[in-house]
Structures are given as structure tokens and as C-alpha cells.
Amino acid sequence: MKYKLETIPVWDAFKEDTECPICYLAEKAEERYLKFYLGNSVMNPETRVEVNKTGFCSHHYSGLLQMRSNHALGLMTHTHLEKRMELLSDHFRSLKSEASKVSGKAALLKSKKLSGAIKNLTEHLSENEEKCMICRRIEYTIQRYTFTIIHLWKTDGEFRNFIQKSNGFCFHHLPELLKMAEESLNPGKLGEFIEELIPIIEKNNERIEKEILWFTQKFDSQNSDKPWGTSEDAHYRTVQKLTGLSNNSIKK
Ligand SMILES: [Zn+2]
Ligand SMILES: [Zn+2]
């Protein structure tokens, strides 16, 4: 697949002091999409139809709640709830109908049809949770960014040096970067990329391991007067390295 290049935001993210520039880019994209869905787009019929059908995951609903655009959020969730109720009504109809056939009866075997109706409803609800529009848009945006990172690594010597000096990537985004490298580089270049990338990751994992170790040791009374060095916020950065949560979403 061909992706659009996004060189300016990618360069900006690499200039930030962060444990993972892809986290930084994802955070910015998330902010943009949260604003988008509570902005004028609420009135745009196409967006309304899309929101009505799928809605958002709990993480992004909580982001939308924090935006404090209560009227816009109220309008959006009202029509979404109406659509969800409409979709649920078929499931509820068959659940009630199958339940009424066995209700109160001393049957020894479970009703397969009733179990089937429970399964259908469960699948319908869990599928919906995976369809969050903000999650999907962030995912696609991240693909454009990882494509750009690989492209810049291949074509721009200055960027290649920059990656060498970076803090590496988090454990959540590393697979996405490797997947894109596999998709967009020829076998020789892929080998070269991985040979360069893995030592950067290893070096930075060792660095943060030392920082978090000193962070824990600072709680010993014999160390309380010694300087923190770079370890004072090492617990936040370690969580980010492990999970991909960016600094903004882990409020200090
Ligand atoms: Zn990340
Ligand atoms: Zn989501």
C-alpha cells in the first residue's frame, strides 16, 4: 500500500525529548480527532451517520468527556444510542422469544436457540467495541507516520543519524515500525534497517532500566541526599516505554 508522506510532523516528533516519537505523534493525532468529533463535524451528516453506527471505545469516550463540550457530546451520544437501540431490538426480540419457550419449564436440556441468541448478542456488542472511529483513524495515521520514518531513514542521512541518537521506541509501537519496514523495504534494506534499529532499542532499554533502578534506590534513606540525576520521572517514562502511553495521557 502507498501511504502519504508526513515528513514535517515526523521530524518535529523526533526533535522532542520523548521515550517514543510514535507515541508523541499518536498523542497529537488523538487530540486532533477528539476535537474533530466534538467540533463542527457533529453537524456534518456524513460524520453523524458514521458516529451513529459505531461510536467510540471507552478510552476515547473518556477523552471526549474530558473535552467538556457537553452539548455536542450530548447530541452525538443521543443519536448513537438511538441507533444502538434499534440494532439491539432484533437481538432482544429473539432473546425474549426463545426465553418464553423455556421459561418456568422443568426441561433437562438447555435451549440451544436461547444459547445461540445470547451468543449473537454478545458478539454484536463486543464487535462494536472494536470499531471505535478514533482508534481506527489513529491506527491509519500511525501507518502513514511509520511509512514516513522508514522512507526518511532510507533517503535522508541526517534523519538516519537522528534515529541513532534518539531514545528509541516503546514496546507498543516497535512492532508497528518493524511491520512497516517489512512492508516497504526490499530484503537487503530491511536487514540493514533491523541491524541499525535493534542496538538503538537495546541501548535505550538499558538506559531506562538504570534510570528506574536509581529511582527505586532513591527511596533508601542513605540515598536521600544524593542527586536524582535524570531519574526523577523515570517511573512515568518506564510505563511509557512498556505500554506506549504517552506523557500527556499519564498525568504527572
Ligand atoms: Zn510508542
Ligand atoms: Zn478508541
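**Exercise 1.** In this predicted model, decide whether arginine 68 counts as buried or exposed.

*Solution.* Begin by counting the C-beta neighbours of arginine 68 inside 10 Å, of which there are 9. A residue is exposed if 12 or fewer other C-beta atoms lie within that distance of its own, and therefore arginine 68, with its 9 neighbours, counts as exposed. As a further step, place the residue along the chain: arginine 68 is found in the loop between helix 4 (58-66) and helix 5 (70-102). Finally, look at its backbone, where arginine 68 has a positive phi of about 60° although it is not a glycine. Most residues other than glycine have a negative phi.

**Exercise 2.** Find where methionine 67 lies, and state which residues it contacts when neighbours within four places in sequence are left aside.

*Solution.* Methionine 67 lies in the loop between helix 4 and helix 5. Once those sequence neighbours are set aside, the contacts of methionine 67 are Leu34 and Leu38. For its exposure, count again: 15 other C-beta atoms lie within 10 Å of methionine 67, so this residue is partly exposed.

**Exercise 3.** Describe how domain 1 and domain 2 meet, and which helix contributes the largest share of the side of domain 1 that touches domain 2.

*Solution.* First note the division of the protein into domain 1 (21-135) and domain 2 (139-243), whose C-alpha centres lie 35 Å apart. Next, consider the contacts, in which 7 residues of domain 1 meet 11 residues of domain 2. On the side of domain 1 that touches domain 2, helix 2 (residues 21-38) supplies the largest share, with 6 residues. Lastly, sort the residues of that side by character, which gives 7 nonpolar, no polar and no charged.

Conventions: Residues numbered from 1 in each chain as written. Chains lettered and ligands numbered in written order. Predicted model: local features only at pLDDT ≥ 70, side-chain atom pairs only at ≥ 80, totals over all residues. Domains from an automatic or database assignment. Contact = placed C-beta atoms within 7 Å. Helix = DSSP H or I, 4+ residues; strand = E, 2+ residues; numbered from the N terminus. Nonpolar A, V, L, I, M, F, W, Y, C, P; charged D, E, K, R; others polar. Buried ≥ 20, exposed ≤ 12 C-beta atoms within 10 Å, placed from the backbone.
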